[in-house]
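The following questions and answers introduce one protein structure to a reader who has not met it before.

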Amino acid sequence: MAVKDQEPTLLTEKAADVADRSVYKEEALETMAEARQRWEKASARAEAQVPFWKQDFTTVSGMEVPHLVTPEQTADVDPIRTIGIPGEYPYTRGIHPTGYRGKLWTMRQFAGFGTAADTNARFKYLLSQGQTGLSVAFHLPTLYGYDSDHPMSFGEVGKCGVTVDTLADMEVLFEGIPLGEVTTSMTINSTAPILFAMYLAVAEKQGVDIQRQVSGTLQNDILKEYIAQKEYIYPPRPSMRLITDQFAFAGRHVPRWNTISISGYHIREAGSTALQELAFTLRDGMEYVQYGIDAGLDVDEFAPRLSFFFNSHNDFFEEIAKFRAARQIWATVMRERYGAKSPRSWMCRFHTQTAGCSLTAQQPYNNVVRTTIQALAAVLGGTQSLHTNSLDETLALPTEENARIALRTQQILAHESGVVSSVDPLGGSYFVEEMTRRMVDGAFDYFRRIDDLGGMVEAIEAGFPQREIMDAAFAYQRAFEEKEKLIVGVNAYQLEDEPPIDILYIGDDLAEKQVAFLSSVKDQRDPGSVARTLDALKRGAAGSENTMPLILDCVKAYCTVGEVSDALRDVFGTYEEPAVF
């Protein structure tokens, strides 16, 4: 049986073996079961006298929440082999034995707007305020493989991220920021190899040792683009080839770089449930692993550099359970399904961002409270790095003041709340362990359904995850409109005549400046080098050569993002999504 077709194995054994290792005596469980029955009768009597104040006690995702969880309901959750201790397989309680006592999570605020010089100034400001890592937001033309002077870029230059057309922009973006001392995350997918190559070229110009000093993360998760965010260029299979090329290249030349951050964030923002976010994200990760193995790579050569990116929404305990389940599931499939031998391959390392879709334009200062709850869930769930959304991000890119408040939210959690003192402080809670188990079981059920379709690429082509998300989004919208789910300030506790807040404005004249700068770069570069490197890239992409060195040659010749993307379009074609109903 091929590795891809093997059934995932849960960390469970025969019930008798589990019972033998139970931390509870059988008579104690019987006594607890009797006590629970008494509680159920008392609760029913109380509800008959005073009906519950609402009928819907489900999570944000619509998962039924147990009113009470007692020990006999979780007695079969093995405290040794399923929950365990931090730093040991299956890592349910965390991948590091010391938790946040050894090292705090990286405070990595997502930033990017206007020109490269504008964003460079914001980066330096955030670093001066205590931020410990960089995260780059690129404008839409870069994400889609267009230059600022392309007709498709009209009205979008610098509006939702920083403008990067050539290596010259990247040089300005990181001017005065030593790339051997700071880690950088780049939210880029279809054009990820191009921006990765530009980053490496800038590091080389700074004299940084690429092999030993360059560290960071590419999002580079193309499968979730087809599922949720829709910023794809090429069809799935050549896109997967570009990713495995990066796996191989970085594994040999940039070993400290995380070549992919498999992203559930956008799946959740598209309307999925927490369980769907968990299951589809991890199953995407499994697909990347399989493609890497099929490309001839040793799983332990590239798997340790895989990382994940999750959303943290409002439902506090559901989110914590999701994060704990992610570690347990990933460790299980990597060891038992893919045969990884290195513990580093088993570890699910992830970045978290608070939920942008939960922010409201109405009463925007309420968003500070929402973000704090979400950030606390991420920390208690054991995230390795965190972005906290600014209160104004539902209206515009954040102002400097609001970005600072978002960063201060993390710093207060780290230094004033006391939550960093104990590792996985909610571990062992009957409720949290039950919710974690439900997440694990639900995810493996989704894995089986996707495997039956042939894998994640085939499931995407069949529209399976897209339909699941569409149905979940519709169910939530209906619950909101019927006021089964309340959003403070939107469908409850509204205010009239709210005063507007100050927001960041990006002027339309920025596009003219950027196009002029791009034109000057084109005038100064060597046309022969541009033509030669682009032609070599086309030939390599049409064959089996690793495309990363060829793309690196292109960017060093100051080929534009659009030119490199067009060269690959000529070879791979473009993707058109089938209609999903």
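Buried means under 20% relative accessible area, exposed over 50%, and partly exposed in between, with a 1.4 Å probe and protein chains only. This is a predicted model, in which local features need pLDDT of at least 70, side-chain atom pairs count only at pLDDT 80 or more, and totals for chains, interfaces and linings use all residues. Residues are numbered from 1 along each chain as its sequence is written, and side-chain values use heavy atoms, with hydrogens and water left out.

Q: Is tyrosine 575 buried or exposed?
A: The relative accessibility of tyrosine 575 is 14%. Tyrosine 575 therefore counts as buried.

Q: How many aromatic pairs are there?
A: Rings of Phe, Tyr and Trp (its six-membered ring) pair if their centres lie within 6.5 Å; planes under 30 degrees apart count as stacked, over 60 as edge-to-face and the rest as tilted. By this rule, the number of aromatic pairs is 26.

Q: Which kind of pair do the rings of tyrosine 232 and tyrosine 575 form?
A: The centres of the rings of tyrosine 232 and tyrosine 575 are 5.0 Å apart. Their planes stand at 90°, so the pair is edge-to-face.

Q: How many residues apart in sequence are the parts that tyrosine 232 and tyrosine 575 tie together?
A: Helices (H or I, at least four residues) and strands (E, at least two) are DSSP runs, numbered from the N terminus. Tyrosine 232 belongs to the loop between helix H9 (223-229) and H10, and tyrosine 575 to the segment after helix H24 (561-572). The pair therefore ties together parts whose separation in sequence is 343 residues.

Q: Which kind of pair do tyrosine 234 and phenylalanine 572 form?
A: Between the ring centres of tyrosine 234 and phenylalanine 572 there are 5.7 Å. The planes of the two rings are at 75°, so the pair is edge-to-face.

Q: Where in the chain is phenylalanine 572, the partner of tyrosine 234?
A: The pair links distant parts of the chain, 338 residues apart. Tyrosine 234 is in the loop between H9 and H10, while phenylalanine 572 is in helix H24.

Q: What is the relative accessible area of tyrosine 234?
A: Phenylalanine 572 counts as buried at 14% relative accessibility. Tyrosine 234 is buried as well, and the relative accessible area of tyrosine 234 is 1%.

Q: How many residues does helix H10 give to the lining of the largest cavity?
A: On a 1 Å grid over the protein atoms alone, a cavity is a set of points where a 1.4 Å probe fits but cannot get out, and a pocket is an open set with protein on both sides within 12 Å along at least five of seven lines; lining residues have an atom within 4 Å of a point. Tyr234 is one of the residues that line the largest cavity, together with others including Asn189, Pro193 and Gln246. Helix H10 (residues 236-253) gives the most to this lining, and its contribution is four residues.

Q: What is the volume of the second largest cavity?
A: Grid points are joined across faces, edges and corners, and a volume is the space filled by probe spheres set on the points. There are two cavities of 30 Å³ or more, and the largest holds about 60 Å³. The volume of the second largest cavity is about 50 Å³.

Q: Which helix gives the most to the lining of the second largest cavity?
A: Helix H16 (366-380) and helix H17 (400-416) each supply at least two residues of this lining. With four residues, the helix that gives the most is H17.

Q: Which helix has the largest share of the lining of the second largest pocket?
A: The second largest pocket has a volume of about 1300 Å³. Of the 44 residues that line this pocket, those closest to its centre are Val60, Tyr476, Lys485, Leu486 and Ile487. The largest share of the lining, seven residues, comes from H20.

Q: How many residues of H7 are buried?
A: The expected span of a helix is 1.5 Å times one less than its number of residues. For helix H7 (residues 192-205) this gives 20 Å, which agrees with the 20 Å between its end C-alpha atoms. H7 is mostly covered, and of its 14 residues the number buried is twelve.

Q: What is the phi of glycine 454?
A: The end C-alpha atoms of helix H18 (residues 430-452) are 33 Å apart, which agrees with the expected span of 33 Å. Glycine 454 comes just after H18, and its phi is positive, about 110°.
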